[in-house]
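I opened a new page for this structure and set down what I looked up, entry by entry. The structure itself goes in first.

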Amino acid sequence: MSSISHYLNRFKASLKIDHTIRDGVAQELYTHLEEKTQELEEKGLSKEEATNIAVQSLGSPELIAKQIYETHAQGSWKEALFSALPHLLVALLFTSYYWQNIVYVSIILALTVGIAVYGWRRGKPIWLFPWLGYYLMPVVVSGILLLSLPQGWGWIAALLYIPLVLFVFVHIVRQTARRDWLYASLMLAPMLVTFTWFSSLGRGNELLASDWAARLQTNALWIVISFVALAAATIAFIRLKQRRHKIISLLVPPLVVLFAVVTASGGNICSWSWLLLLFSLSAFAIPLWMEARAYE
Amino acid sequence: MKARQRIDRGVGMNYGRELLKGNTDSLLLCLISRQPTYGYQIVKELEKRSNGYFQFKEGTLYPALHRLERDDLITGKWQILPNGQQRRYYYITERGQQVLAKKLATWQDFSTAVKAVIQAETT
């Protein structure tokens with residue numbers, strides 16, 4: 001492998017952004033190296049010497065990748081606030097009894113679907129991912145609710161519906177992760193918060209206790225705190241330049257939510273709920289784990 | 001004595017580097033405003049016009065260009081040359097011209113003020 005190819009591979013491996021931007025910068029660096037090499041060769045240097053000097057004069061590929069990342073990864077304040085908006089809307093639902101009002105919930109749902117589809121079609125801007133997380137939620141929740149249909153119908157529906165849901169879910173997560181694993185985490189964050197709170201509504205071996213609505217309302221303040229923490233973390237994620245700071249910002253909400261759920265339920269969480277809680281936290285941790293592996 | 005000279009040289013280099021860092025945007029905008037240009041040509045022009053004073057790791061130019069493009073001060077367009085090679089030419093935008101004019105005016109004022117103070121000190 002030539003030293004130019006090796007240099008560009010190192011550059012590409014260090015830069016975790018939209019592949020079209022990454023390939024564009026790599027092409028610019030390639031042209032630069034080719035031209036410099038050609039010029040040095042015309043001055044009498046051998047091909048190998050010329051290439052080595054050209055590569056050295058460009059500097060560390062990791063440093064260029066880091067600086068390019070910082071340029072492209074930082075969103076504007078407008079983008080940051082728009083990304084946090086769905087979390088704040090959900091928090092608003094729980095500030096009163098709005099979450100029980102079908103009109104409010106439907107408006108927010110329609111808004112979420114509309115914005116998520118618009119963002120997906122408009123080249124997946126950075127603000128899209130939290131909206132996409134909420135967009136996927138009803139799809140997944142419908143699959144879980146199908147299980148409660150009577151006389152075995154639930155399982156039949158589930159056998160048809162759940163594979164479809166899984167296909168759509170995996171496709172969207174893969175598409176997002178291909179761009180950046182951290183965006184997949186940002187997208188999955190609302191699900192984590194929702195499923196974690198859902199897990200606190202069980203009792204004994206029941207996934208959903210009969211008084212779940214009353215318990216949800218009792219815990220409303222903690223739920224609002226959870227979603228506001230998520231909104232704050234999202235703003236920090238979008239505004240921060242450095243990748244490691246972005247990762248730290250994403251680790252804050254699960255800790256806040258875990259603390260809130262355990263405190264609100266007084267530590268009284270059923271076995272099903274612990275399983276769901278564990279699943280939610282794992283789902284959230286997978287992209288971060290993949291990120292850590294990529295750095296090794 | 002030698003250590004002192006080394007420290008003095010180091011201070012001078014660091015100061016020069018800081019000055020270059022603080023004025024990178026103005027220098028790039030200035031070059032691009034004269035004619036649409038590309039990365040390697042910018043490096044050569046900077047070196048030529050400054051008589052070799054501006055020397056830096058060439059790769060750091062690209063993050064600066066992308067930052068200017070993100071801020072809508074310049075815009076990049078790919079062009080295919082007759083030999084099939086692709087180059088990304090940068091053009092200054094209207095906003096870039098306005099920002100450059102402001103930066104140049106500020107630099108002139110600053111430079112005049114510094115000169116006035118230094119000349120008063122030396123005379």
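Entry 1, the strands of chain B. I began with strand 1 (residues 74-80) of chain B and strand 2 (residues 86-92) of chain B, and I found that they run antiparallel and are joined by 7 bridges. I kept in mind throughout that this is a predicted model. Taking Gly76(B) as a point of reference, I looked for its bridge partner in strand 2 of chain B and found Tyr90(B). I then turned to the hairpin that these two strands form, which has 5 residues between the strands, and noted that Gly84(B) takes a positive phi near 90° there.

Entry 2, chain B as a whole. I counted 4 helices and 2 strands in chain B, and reading from the N terminus on I wrote down the order of the elements as α-α-α-β-β-α. Of the 123 residues of chain B, 19% count as buried. I also looked at contacts in chain B between residues at least 6 apart in sequence, and 47% of these join residues at least 24 apart.

Entry 3, helix 2 of chain B. Which residues of helix 2 (residues 39-49) of chain B are buried? I listed Gly39(B), Tyr40(B), Ile42(B), Val43(B) and Leu46(B). Looking down the axis of helix 2 of chain B, I found that its buried residues fall within an arc of 160°, so they line one face of the helix. As background I noted that an α-helix has 3.6 residues a turn, so residues three or four places apart point the same way. Just after helix 2 of chain B, I came upon Asn51(B), which takes a positive phi of about 55°.

Entry 4, where chain A meets chain B. I found 15 residues of chain A in contact with 15 residues of chain B. On the side of chain A that touches chain B, helix 2 (19-42), helix 3 (47-58) and helix 4 (61-73) of chain A each supply at least two residues, and the largest share, 8 residues, comes from helix 2 of chain A. Sorting that side of chain A by class, I obtained 5 nonpolar, 7 polar and 3 charged residues.

Entry 5, the domains of chain A. The domain assignment of chain A gives domain 1 (3-70) and domain 2 (75-295). Between them, I found 5 residues of domain 1 of chain A in contact with 5 residues of domain 2 of chain A. The side of domain 1 of chain A that touches domain 2 of chain A has 2 nonpolar residues, no polar ones and 3 charged ones.

Notes: Residues numbered from 1 in each chain as written. Chains lettered and ligands numbered in written order. Predicted model: local features only at pLDDT ≥ 70, side-chain atom pairs only at ≥ 80, totals over all residues. Contact = placed C-beta atoms within 7 Å. Nonpolar A, V, L, I, M, F, W, Y, C, P; charged D, E, K, R; others polar. Domains from an automatic or database assignment. Buried ≥ 20, exposed ≤ 12 C-beta atoms within 10 Å, placed from the backbone. Arc of directions from axis to C-beta. Pairing = 2+ DSSP bridges.
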